[in-house]
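Please examine the structure shown below together with its sequence. The paragraphs that follow lead through it step by step.

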Amino acid sequence: MIRFADDELYEKSKYLWNECFLGDELGFSDFFYENYSSPKNVLTYLDDTNGDILSMLHMFHRDMKFGGKTVPILFLSGIATSKNARNKGYSRALIEKVKILAKNSDYAAILLQPAVSGFYEKFGFFTFVKRKEYLVTSENLSDVPDFDLIDPDPESLLTIYNDAYSNVNGMFKRDLTFMKIKLMEYRETALCFFCENGYAFGSIENSVLCIDEVFGSTALSCVKALLKITGAKLARIPSIYNWRYDFRYDPFNMINLCENFKDGYTPKSSESETLFAVDRW
């Protein structure tokens, strides 16, 4: 049985998240559930006999720059199936349900960021943003100026982001409330470097600096500064400055185009209607 979560199921879904997404020592799941998601955002597949959650996903309305337009999309996160319920079609059933909801509500596409490659292609998703590897040497860091660490403010970050948003496909529309939450998240789970006209967020994984997002005319300098601070020798950077990059690295964003967009989708208005009360991710 497929249904959206109520308050009780929402609490139960946290256990499935922690079962499936290991390595949450920094407590991201608690932050995610408190600040981003809500029962209205969680679609579940329940066991008909006992009501347990067999599979789930979180879905969010976003307005995204796509093909030179701002279009409404559904962003999927936290797609998870209990270990004892895998390979039985539950996640497929949820994704197919999302496709119906997206089509009926005039969404242009469905977007996700896969934890593993080679899984979502069978559901009709394809990669349109990949991570490009940037190799760091002592020569790469020689041009990094001296800097003072300062606490970034959300207003400045939003200005930099919006400047990039006007020119880059694949970016979500943000407001100040969203940027404040995003900055709170990165202060809890990652590193942030901000300088005039640029910023970079990232975290260290196995001695590699994994950049989550980087924008602005001084973006590369921000990445180099984080490398200098952390001592990492390699940075993985998500490159979204083209429709599709031909780098041979892990998928970062995958998309499934809805039929109405394939046929020449035009958003009804700049402020598209949303399925959900919560408009944050």
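**Two loops, two helix pairs and a buried leucine**

N206 is found in the loop between β8 (198–205) and β9 (208–216). The model under discussion is a predicted one. Phi of N206 is near 55 degrees, which is a positive value in a residue that is not glycine. Most residues other than glycine have a negative phi. Is N206 buried or exposed? With a relative accessible area of 75%, N206 counts as exposed, because the cut-off for that term is over 50%.

A second residue with a positive phi is D106, where the angle is about 65 degrees although D106 is not a glycine. D106 also belongs to a loop, namely the one between α3 (90–104) and β5 (109–112). The relative accessible area of D106 is 18%. D106 is therefore buried, since that term applies under 20%.

From these two loops, the view may be widened to the chain. The secondary structure consists of seven helices and eleven strands. Of the 281 residues in the chain, 51% are buried. The accessible surface comes to about 14300 Å², and carbon and sulfur atoms account for 48% of that surface. Which part of the contacts joins residues far along the sequence, at least 24 apart? Among contacts between residues at least 6 apart in sequence, the share is 72%.

The packing of helices can be followed from α1 to α2 and then to α5. Helix α1 (residues 7–20) packs against helix α2 (residues 28–35) at an angle of about 150 degrees, and their axes are 11 Å apart. Angles over 145 degrees count as roughly antiparallel, and α1 and α2 are therefore roughly antiparallel to each other. On the side of α1, the contact is made by Y10, S13, K14, W17 and N18; on the side of α2, by F28, S29, F32 and Y33. The crossing of α1 and α2 is right-handed.

Helix α2 also packs against helix α5 (residues 176–189): the two axes come within 10 Å and cross at roughly 165 degrees. This pair is therefore roughly antiparallel too, and the crossing of α2 and α5 is right-handed. Here F28, F31 and N35 of α2 meet I181, M184, E185, E188 and T189 of α5. F28 thus takes part in the contact with α1 and in the contact with α5.

Attention now turns to a single residue, L226, in helix α6 (residues 219–230). L226 has a relative accessible area of 2% and is therefore buried. Which residues does L226 touch, apart from those up to four places away in sequence? They are L191, C192, F193, A200, G202, L209 and I211. One of these, C192, lies 34 residues from L226 along the chain, yet the C-alpha atoms of the two are separated by 7.9 Å.

Finally, the confidence of the prediction should be considered. The mean pLDDT of the chain is 78, and 78% of the residues reach 70 or more. Among the elements of the chain, strand β2 (residues 42–46) has the highest mean pLDDT, 97, and helix α7 (residues 259–262) the lowest, 61. Over residues 240–251, pLDDT stays under 50, and the model has 32 contacts beyond four places in sequence for this stretch. Over residues 264–281, pLDDT likewise stays under 50, and the corresponding number of contacts is 51.

Notes:
Residues numbered from 1 in each chain as written. Predicted model: local features only at pLDDT ≥ 70, side-chain atom pairs only at ≥ 80, totals over all residues. Heavy atoms only, no water. Helix = DSSP H or I, 4+ residues; strand = E, 2+ residues; numbered from the N terminus. Buried < 20%, exposed > 50% of the residue type's maximum accessible area, 1.4 Å probe, protein only. Contact = heavy atoms within 4.5 Å. Areas by Shrake-Rupley, 256 points an atom, 1.4 Å probe, with all protein chains shown as cover. pLDDT = per-residue confidence, 0-100. Axes fitted to C-alpha atoms, helices over the stretch in contact; angles between N-to-C directions. Parallel < 35°, antiparallel > 145°, perpendicular 65-115°, else oblique. Left-handed = near helix turned anticlockwise from the far one by under 90°.
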